[in-house]
Amino acid sequence: MNDQQPLPHKSFDPSTFRDKPVSFVRRSGRMTPSQERAWEQHHTEYVLDIPHGRAATSVADDATGDPERIFGRRAPLVVEVGTGQGHAILHAAEAHPETNFLGVEVFRAGLARTIIRAELAGLENLRLAEVNAPELLEKFLPAGSVDEVWVFFPDPWAKARHHKRRLVSADFARIARLSLRPGGVLRLATDWEDYAEWMREVLDAAPGFERDFAGDWAERFEGRVLTAFEKKGAEKGRAIRDLAYRRAS
């Protein structure tokens, strides 16, 4: 006779799962001691305190933010989706102190590394958000408050069965357009040819956007610092493709 009690049935709560692609692959991993110190000592200076919804890194429905209050000034705003270790946004923030930069990343070790360099550089025009970027653009920031949205080297989800997980989609184009001011620019870059063609097809068909480049591809965005990741892709023979789309007025 089996005396074991049946295992309790786990209830399924659909509100904790998303039905749209997200801007990240949630990663785990330990931070280095220096990253832990940076997070403990300085994250409140850089990382926005955004209320979360039911899902991890989601944005609560009633959470809103005013860029002018966040940065303490009125200035052009650039949002980078997926900052990684912060190379692009740190370089840009140092080069353009007249502009506000908001980096969105859910990999905490990457955020901590960004904080270390931001603190060393004394950057006052940089803030970070540990949330899902489409939700931040659609729900947290006021409509038409962003001057540029950057999406550099997003996960290509190379296998055909995973293409539905790609960040750049018709719905993301809608969200990006909502967040951008008239005349604002969505900049994209990838080293994956299939994804580059996918993004171009999506944005060419997206209402309210027009190409901000001539020919097949945009020129390399001069504001994007050359990272080790991009250099490695080029060394493997991958073509780096840039795209830029302007929100029509």
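How many bridges join strand 6 to strand 7, and do the two run parallel or antiparallel? In this predicted model, three bridges link strand 6 with strand 7 (residues 241-247), and the pair is antiparallel. If you want to find the pairing by eye, start at F209: its bridge partner in strand 7 is R247.

Now step back to the whole sheet. It is an open one, built from seven strands in the order 3-2-1-4-5-7-6, with mixed pairing. Strand 3 (126-129) and strand 6 (209-211) sit at the edges, and each has a single partner strand, so one side of each has no neighbour in the sheet. On average, neighbouring strands are turned by 20 degrees against each other, ignoring direction.

Next, look at what packs on this sheet. Helix 3 (residues 87-95) touches strand 1 (77-81), strand 2 (100-104), strand 3 and strand 4 (146-152). The direction of helix 3 makes about 170 degrees with that of strand 2. Helix 7 (residues 193-205) packs on the sheet too, touching strand 5 (180-190), strand 6 and strand 7, and its direction makes about 15 degrees with that of strand 7.

On to the greasy parts. The largest nonpolar core has 43 residues, and L136 and L186 touch the most other members. Helix 7 supplies the largest share of this core, with five residues. Try clicking on L186: leaving aside neighbours within four places in sequence, its contacts include V149, V151, F172, L203 and L243, along with F209, the residue we met as the bridge partner of R247. Apart from this core lies another, of 25 residues, with L111, L123, L128 and A189 among them.

Definitions and conventions
Residues are numbered from 1 along each chain as its sequence is written. This is a predicted model: local features need pLDDT of at least 70, side-chain atom pairs count only at pLDDT 80 or more; totals for chains, interfaces and linings use all residues. Side-chain values use heavy atoms; hydrogens and water are left out. Two strands pair if DSSP finds at least two bridges between them. Helices (H or I, at least four residues) and strands (E, at least two) are DSSP runs, numbered from the N terminus. Axes are lines fitted to C-alpha atoms, for helices over the stretch in contact, and angles run from 0 to 180 degrees between N-to-C directions. Contact means heavy atoms within 4.5 Å. A nonpolar core is a set of buried Ala, Val, Leu, Ile, Met, Phe, Trp, Tyr and Cys residues joined through side-chain atoms within 4.5 Å. Buried means under 20% relative accessible area, exposed over 50%, partly exposed in between (1.4 Å probe, protein chains only).
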